[in-house]
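Thanks for asking me to look this over. My notes follow as numbered points, to be read alongside the structure.

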Amino acid sequence: MSKVVLKGITKKYGNNTVVNSIDLTAENGKLISILGPSGCGKTTTLRMIAGFEKPDGGEIFFDDKEVGAIPVNKRNIGMVFQSYALFPHMTVEQNVAYGLEQRKTPPSEIKERVAEALKMVHMDEYAKRKPKQLSGGQQQRVALARALVIKPDVLLLDECLSALDKKLRVEMQVELRRILEQTGVTTFFVTHDQEEAMTLSDKIVVMNAGKIEQAGTPFEIYEKPATRFTAGFLGKANFFEGKALSFENNKVQLETENGNITIPAQNAVVGQNMLYVVRPEKIRFVSEGENGIKGTVEHVTYSGNISTCTVVCSGKEIICEVQNAVSGQRPQKGQNVTLDWDSAGSIEIIGGVN
Amino acid sequence: MKKGVVSKLYVLLIMLYLYVPILVLMLMGFNKSRYNSMPFEFSLQWYQELIGDTVLQKAALNSVLLALVTGVICVILATFFILGERYLSNKTKSIFNSISMMPMSIPWLIMGLSLLLLIRFFDFDKSMFFVAAGHVVISLPYSLLVLKARVQSMDRALEEMSASLGASPLTTFRRITLPAIAPAMVAGGFLSFMISFDNFAISYFLMPAGVSTLPIEIQSSIKFGFTPEINAVSTVIIGVSLLCLAVVGLIMGSSLKTMVGRSENK
Ligand SMILES: Nc1ncnc2c1ncn2[C@@H]1O[C@H](COP(=O)(O)OP(=O)(O)OP(=O)(O)O)[C@@H](O)[C@H]1O
Ligand SMILES: [Mg+2]
């Protein structure tokens with residue numbers, strides 16, 4: 001229920017700058033996902049918002065109030081750690097009640113709200129158990145209930161659904177989304193699951209080596225990646241890079257390290273180095289004789305709803321995905337094919353080429 | 001097969017080596033002869049004398065009280081030390097660690113002597129206060145050792161989580177930290193208790209005139225003629241120690257399981 005603003009936040013461990021001058025705004029009641037490779041500073045960023053770590057530079061605001069001097073226990077945050085951190089000597093029930101007890105909530109209300117929270121995460125049957133008697137996924141759900149039951153202003157979730165199986169995870173995602181909409185709590189959500197980030201987030205922040213690569217809606221991040229890193233990190237990507245030799249009829253001829261290749265594109269500056277990214281699902285197989293890029297199918301991976309094909313076109317591997325529809329025929333290994341896509345499918349990454 | 005017999009024999013020999021002296025001592029407490037001589041004739045005579053021996057009882061009481069005070073002070077100091085130490089940098093921490101363990105490597109005789117010289121230097125009178133202080137110096141490292149092991153394996157995230165849920169540092173200590181380290185506090189305190197209870201050298205140097213502890217009393221009784229009463233009192237001490245150990249084992253046992261169970265689950 002607070003807008004959270006990070007201004008130039010920096011964290012150093014010794015000489016190692018772990019978080020490097022981050023600017024980030026989380027609007028009131030929105031869910032912000034933080035994505036990035038292991039060790040890029042996601043947890044450290046959350047810990048600074050929570051108040052466990054003091055930033056070496058920059059300021060954090062909750063609703064225009066600078067929180068640097070406010071200790072953790074006065075920030076009204078809810079947190080789920082990567083390691084769950086359930087209190088081992090307390091039962092599930094006592095764990096969830098702990099935060100309410102600190103808020104001097106009357107016992108009858110505590111009882112009610114704890115039961116409600118446990119029901120929400122489907123853990124009501126386990127109320128009397130100790131954490132060590134629970135599976136990883138069950139512990140994670142208790143940790144989530146414990147963070148939510150106190151109705152925090154800011155919710156910080158560090159890979160809080162990672163130990164759940166697919167079905168339960170989707171269920172929890174839906175539940176989480178519902179709770180967040182209901183309570184309007186501003187949420188930071190660290191995850192390694194791209195699909196999860198896509199479906200849950202109002203905004204995705206892609207981090208790399210302590211810096212924000214790009215922040216935007218899931219659509220923007222996927223369809224309009226600003227950097228090569230973002231394009232490569234989220235989803236599969238084919239990169240086409242080289243000097244533009246000519247550009248006409250929405251086709252650009254590039255001088256790449258594998259020789260010249262002509263691909264569809266909406267924009268190009270002749271004589272300059274260009275970088276385009278093409279998502280595999282944008283590429284389609286066209287019949288022989290039509291205009292397109294000729295190649296040979298090198299490899300086909302079947303994964304249920306789609307097949308992923310690696311096509312080699314004059315030395316360059318291009319990954320494309322086809323729907324396994326009933327009528328559609330799947331490319332075979334060794335087959336000669338022609339590839340094409342709409343010119344809008346080639347996303348120009350400006351500033352991607354140095 | 002043969003190898004099995006040999007290794008069993010080997011273990012048996014070590015056991016005998018360790019325990020025969022104590023067994024003989026306990027046995028002779030039940031022997032009628034004043035000079036531990038054979039043949040063995042069962043009697044409870046020495047235990048009866050023990051009941052009437054107020055000097056020995058007084059000394060035993062002193063020892064227990066001294067050890068109790070020492071144990072409690074050691075646990076409190078060790079707890080503060082360990083918890084405070086966590087906020088130091090690694091380098092300072094390792095320096096503090098070595099210094100705090102030093103009393104373990106200094107012979108008690110020298111420690112006692114140096115404390116005595118210090119008291120003399122400042123022209124203080126010998127008193128129980130200094131005896132207790134000396135006992136704390138030599139017993140503290142044992143409490144520290146046990147507590148350190150426990151705190152190091154403790155998850156800091158638990159305390160952070162408690163803070164994030166709105167608990168003040170004091171509440172966090174009381175409800176999260178204390179339950180986690182309580183078994184180690186009991187064990188550490190018990191260890192310090194035993195070190196103090198057993199100590200002769202420090203007490204010998206610092207004890208004010210007219211007061212004695214059990215180790216001192218036993219030592220002096222050897223000087224003035226030894227009776228199996230000493231065997232009897234030793235047996236009682238061993239019995240009480242074993243009982244304490246069993247109780248601590250019971251307390252630790254159940255709570256240790258909770259701790260271990262947690263870390264296994266991680
Ligand atoms: N207390 C610390 N002291 C020194 N370095 C640290 C400390 N905590 C984290 N780091 C370093 O900071 C970097 C970022 O760590 P962080 O935990 O934020 O990564 P992360 O993005 O959460 O990674 P993961 O996805 O693996 O959880 C890492 O290189 C890590 O080694
Ligand atoms: Mg992390």
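1. In what order do the 5 strands of the open sheet in chain A lie? The order is 13-12-11-14-20, and the pairing is antiparallel. Please keep in mind throughout that this is a predicted model.

2. At the edges of that sheet are strand 13 (259-264) and strand 20 (346-348) of chain A, each of which pairs on one side only. From one strand to the next, the twist averages 45°.

3. If you zoom in on one edge, strand 14 (residues 273-278) and strand 20 of chain A run antiparallel to each other, paired over 3 bridges. Here you will find Val277(A) opposite Ile347(A) of strand 20.

4. Helix 2 (residues 92-102) of chain A is worth a look too: it is largely enclosed by the rest of the structure, because 8 of its 11 residues are buried. Among them are Val92(A), Asn95(A), Tyr98(A), Leu100(A) and Gln102(A).

5. Both chains contribute to the cover over those buried residues: it includes helix 3 (107-120) and helix 4 (136-148) of chain A, along with helix 7 (156-164) and helix 8 (169-198) of chain B. Just past helix 2 of chain A, Lys104(A) has a positive phi of about 55°.

6. In chain B, I would point you to Glu217(B), which sits in helix 10 (residues 214-223). Glu217(B) is buried but forms no salt bridge, and the nearest oppositely charged side chain, that of Lys58(B), is 9.9 Å away.

7. What does the side chain of Glu217(B) join through a polar contact? The partner is the side chain of Ser212(B), at 2.7 Å. Beyond its neighbours within four places in sequence, Glu217(B) also touches Val55(B), Leu56(B) and Ala59(B).

Terms used:
Residues numbered from 1 in each chain as written. Chains lettered and ligands numbered in written order. Predicted model: local features only at pLDDT ≥ 70, side-chain atom pairs only at ≥ 80, totals over all residues. Heavy atoms only, no water. Helix = DSSP H or I, 4+ residues; strand = E, 2+ residues; numbered from the N terminus. Buried < 20%, exposed > 50% of the residue type's maximum accessible area, 1.4 Å probe, protein only. Lys, Arg positive; Asp, Glu negative; His and termini not counted. Salt bridge = Lys/Arg side-chain N within 4 Å of Asp/Glu carboxyl O. Polar contact = N/O pair within 3.5 Å; in protein donor to acceptor, adjacent residues only side chain to side chain. Contact = heavy atoms within 4.5 Å. Pairing = 2+ DSSP bridges. Axes fitted to C-alpha atoms, helices over the stretch in contact; angles between N-to-C directions.
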